[in-house]
Amino acid sequence: MVIEQAMGLGRSHGHAAEARLSDFVERAKSDGFIAEASARHGVSGVTVAPPRVAM
């Protein structure tokens, strides 16, 4: 199953806001929050995308 979700913000918020949002999403994936929320709401057959590798 694919669940297409996106988060975004206006460019006027700047690069710092973009970095914070990206950090939030990556932490939510890596600490298991997304998987736990999916299970809590009875969503099955879903694989959470792996966190992005820092460069």
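**View 1. The whole chain, with two helices and zero strands.** This is a predicted model, and its chain holds two helices and no strands. Along its principal axes, the C-alpha trace spans about 35 × 25 × 15 Å. The radius of gyration of the chain is 13 Å, whereas a compact globule of 55 residues would have a value near 10 Å. Buried residues account for 11% of the 55 residues, and the accessible surface of the chain comes to about 4,900 Å², with 58% of that surface belonging to carbon and sulfur atoms. The chain carries 6 positive and 6 negative charges, and the mean positions of these two sets lie 4 Å apart. The structure also holds three salt bridges, which are taken up in the views that follow.

**View 2. The salt bridge between D23 and R27 in helix α1.** Here the side chains of D23 and R27 come together in a salt bridge, with a distance of 2.9 Å from N to O. Helix α1 covers residues 14-30, and because D23 and R27 are four residues apart within this helix, about one helical turn separates them. D23 has a relative accessibility of 39%, so this residue counts as partly exposed. R27 is partly exposed as well, with a relative accessible area of 45%.

**View 3. The salt bridge between E26 and K29, also in helix α1.** In this pair the closest N and O atoms, one from E26 and one from K29, are 3.4 Å apart. Both residues lie in helix α1, where a spacing of three residues corresponds to about one turn of the helix. The two partners fall on either side of the cut-off for burial, which is set at under 20% relative accessible area. E26, at 13% relative accessibility, therefore counts as buried, while K29, with a relative accessible area of 21%, is partly exposed.

**View 4. The salt bridge between R52 and E26, and the network around E26.** The side chains of R52 and E26 meet in a salt bridge with an N to O distance of 3.9 Å. This pair links distant parts of the chain, since R52 belongs to the segment after α2 (33-40) and E26 to helix α1, with their positions 26 residues apart in sequence. R52 has a relative accessible area of 62% and is exposed, whereas its partner E26 is buried at 13%. Taken together, E26, K29 and R52 are linked in a network of salt bridges.

**View 5. A nonpolar patch on the surface, formed by M1, I3 and V43.** The three residues M1, I3 and V43 together contribute about 290 Å² of accessible area to this patch. I3 is found in the segment before α1, and V43 is found in the segment after α2. I3 counts as partly exposed at 44% relative accessibility, and V43 counts as partly exposed at 33%.

**View 6. I3 and V48, 45 residues apart in sequence.** This last view returns to I3, a residue of the segment before α1, and sets it beside V48. Although 45 residues separate I3 and V48 in sequence, their C-alpha atoms are 9.5 Å apart in space.

Definitions and conventions: Residues numbered from 1 in each chain as written. Predicted model: local features only at pLDDT ≥ 70, side-chain atom pairs only at ≥ 80, totals over all residues. Heavy atoms only, no water. Salt bridge = Lys/Arg side-chain N within 4 Å of Asp/Glu carboxyl O. Buried < 20%, exposed > 50% of the residue type's maximum accessible area, 1.4 Å probe, protein only. Rg over C-alpha atoms; globule rule 2.2 N^0.38 Å. Areas by Shrake-Rupley, 256 points an atom, 1.4 Å probe, with all protein chains shown as cover. Lys, Arg positive; Asp, Glu negative; His and termini not counted. Charge placed at Lys NZ, Arg CZ, Asp CG, Glu CD. Patch = residues over 30% accessible without salt bridge, like charges linked within 9 Å, V, L, I, M, F, W, Y side chains within 5 Å.
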